[in-house]
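These are my notebook entries from an afternoon of looking things up in one structure. I wrote each entry as I went along, beginning with the ligand and then moving outward.

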Amino acid sequence: MDSYLKFRNVRGTKDLLPEEAELWRWVEEVIRKKMEDYNYQELRFPTFELTELFKKSTGEDTDIVQKEMFTFKDKGGRSLTLKPEGTPSVVRMYLQYGLYNRGILQKFYYIERMFRQEKPQRGRYREFRQFGAEAIGSPSPETDAELVRSALDIFNELNIHGIKLNINSIGCPKCREKFIREFKKFLCSRLDSLCNDCKRRYSTNPMRILDCKIDREKLIDVPVPLDYLCDDCRKHFSGFKERLGYLGINYSIDKHLVRGLDYYTKTVFEFTHSKLGTKDEVGGGGRYDGLIGFLGGDETPASGYAVGLDRLLLLSPQRKESRGIDVYVITLDKASDLTGWKLVNELRDSGFSADKDPLGRSMKAQFREADRQNAKWAIVIGEKEREGGSVQLKRMETGEQKEVPLNITTIKEELKC
Ligand code: AMP
């Protein structure tokens, strides 16, 4: 078959086979349930947006906007971009639909596909999935701690252990001014030794130099935002740490953590796992108190995070036993086949998952299929049963078998046992 194969999925995209799709679906169910337990509501948004939205909110000088966006022109000449992250769309919807009118605090989550033109490798794709949460309207560090806890709760529910939390505060525009001054002064004489991206960032967005993976070693002694926080930001960070403490959440402070996006203020955090190697980040987020005002809304505090589902899935979430189907109906001759088929459809109408063999295969082959389908029950119908108006009901796990009347009400009762 392989030699005839003309088409394969494009590099950097991922196909999900049924067993993977089932795992993903379960992961998504866990996320939905947990986020709703935390009183977050789901938002769904389009695959593409005006390019300008990402330029303005993600930031002109970020790797995403500079190098990674899938941007194209539509027939009317407008520049559109496949969404590389969720926050800009959530904020756009918040403003476009006046969601602030629904109450001072609005909490949203999403599970969406994202697109970035990165070099594909393990854990890094061009089309990938993220779930994210955004709490808009609260300036409180309690909200930041709640967000962190919701993500950790989800990891826990998926039986993923060993995820580390790193936190930092990058201050507000007020304290950042002083930090940037000192930071630039310090780097001025060392600029030549930095990578080209950092040289450019020195004038466009110097704070981003701090989390450069290439220059990390050279930046060990640089001034860091945490040492320049104003009183308000220092108190906020203490409040955040205190809340994490109350919740029994362990964390490390990473003074170099600034996160890749321009809009963060005060709290930033990331989740990492050593099993993921150099690209060890599973997710991250922080506070973005300036973004909503910057995009044209009233100044509104906000905080959020995003977690990469593809990377999360590499950490082998342990799901409960595969569900399988409820009933596999096995028929032993042509006349029983129609009876069996009707029964399958009655079972489906009654809320059971049910199936049968449409190929007229032997009893042995049908039982093998029932096993393969992980069926809880097999119902066998042959000439004897048909004539006696009954079926054989077999519990697959124990092999226990009994004869019951061919009557959907009775069968339904038996299946509930
Ligand atoms: P970011 O939006 O850059 O903060 O990324 C949040 C999370 O999304 C990361 O921690 C990753 O888990 C995931 N992520 C980002 N880019 C990719 C990618 N190209 N492929 C797979 N996952 C990604």
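Before the first entry I noted that helices and strands here are DSSP runs, helices of at least four residues and strands of at least two, numbered from the N terminus. I also noted that this is a predicted model.

**Entry 1: around the ligand**

I first looked up which strands supply at least two residues each of the shell around the ligand, and I found β6 (127–136), β10 (281–287) and β11 (302–308). The largest share comes from β10, which gives three residues. In total, 14 residues surround the ligand, and the closest are Glu 118, Tyr 125, Arg 259, Glu 281 and Val 282. When I sorted the shell by class, I wrote down four nonpolar, four polar and six charged residues.

I then looked up distances to oxygen atoms of the ligand. For Val 282, a backbone N or O atom lies 2.7 Å from such an oxygen, and for Gly 283 a backbone N or O atom lies 3.1 Å from one. With Gln 130 the atom belongs to the side chain instead: a polar side-chain atom lies 2.9 Å from an oxygen atom of the ligand. How much of the ligand's accessible area does the protein cover? On its own the ligand has 480 Å² of accessible area, and the protein covers 92% of that.

**Entry 2: the sheet**

Next I followed the strands across an open sheet of eight, whose order I copied as β1-β5-β6-β11-β10-β9-β7-β8, with mixed pairing. The edge strands are β1 (41–42) and β8 (252–253), each of which pairs on one side only. I looked more carefully at β6 and β11, which run antiparallel and are joined by seven bridges. Within this pair, Gly 132 stands opposite Ala 306 in β11.

From β9 I went to the loop that leads on to β10, where I found Gly 277. Is Gly 277 buried, partly exposed or exposed? Its relative accessible area is 39%, and because partly exposed covers the range between under 20% and over 50%, Gly 277 counts as partly exposed. I also noted that Gly 277 and Arg 122 are 155 residues apart along the chain, while their C-alpha atoms are separated by 9.7 Å.

**Entry 3: two positive phi angles**

I reminded myself that most residues other than glycine have a negative phi. Lys 266 is not a glycine, yet I read a positive phi of about 55 degrees for it. Lys 266 sits in strand β9 (residues 265–272), and with a relative accessible area of 11% it is buried.

Asn 374 also has a positive phi of about 55 degrees without being a glycine. I placed Asn 374 just after α12, in the loop that runs from there to β14 (377–381). Asn 374 is partly exposed, at a relative accessible area of 34%.

**Entry 4: the helix α12 and the loop before it**

Which residues of α12 are buried? I listed Ala 365, Gln 366, Phe 367, Glu 369 and Ala 370. The buried residues of this helix pack against β12 (327–331), β14 and β15.

I then stepped back to Asp 357, in the loop between β13 (354–356) and α12 (363–372). Why does Asp 357 count as buried? Its relative accessibility is 1%, and buried means under 20%, so Asp 357 falls within that class. A polar atom of the Asp 357 side chain lies 3.0 Å from the backbone nitrogen of Leu 359, and the same side chain makes a polar contact with the side chain of Arg 361, at 2.7 Å. Leaving out residues up to four places away in sequence, I noted that Asp 357 touches Tyr 328, Val 329, Asp 337 and Gln 366.

**Entry 5: the hairpin**

My last entry is on strand β15 (residues 390–395) and strand β16 (residues 401–405), which pair in the antiparallel sense over five bridges. One of the residues I looked up was Leu 393, whose bridge partner in β16 is Lys 402. The two strands form a hairpin with five residues between them, and in the turn Gly 399 has a positive phi of about 85 degrees.

Key. Residues numbered from 1 in each chain as written. Predicted model: local features only at pLDDT ≥ 70, side-chain atom pairs only at ≥ 80, totals over all residues. Heavy atoms only, no water. Pairing = 2+ DSSP bridges. Near = heavy atom within 4 Å. Polar contact = N/O pair within 3.5 Å; in protein donor to acceptor, adjacent residues only side chain to side chain. Areas by Shrake-Rupley, 256 points an atom, 1.4 Å probe, with all protein chains shown as cover. Nonpolar A, V, L, I, M, F, W, Y, C, P; charged D, E, K, R; others polar. Buried < 20%, exposed > 50% of the residue type's maximum accessible area, 1.4 Å probe, protein only. Contact = heavy atoms within 4.5 Å.
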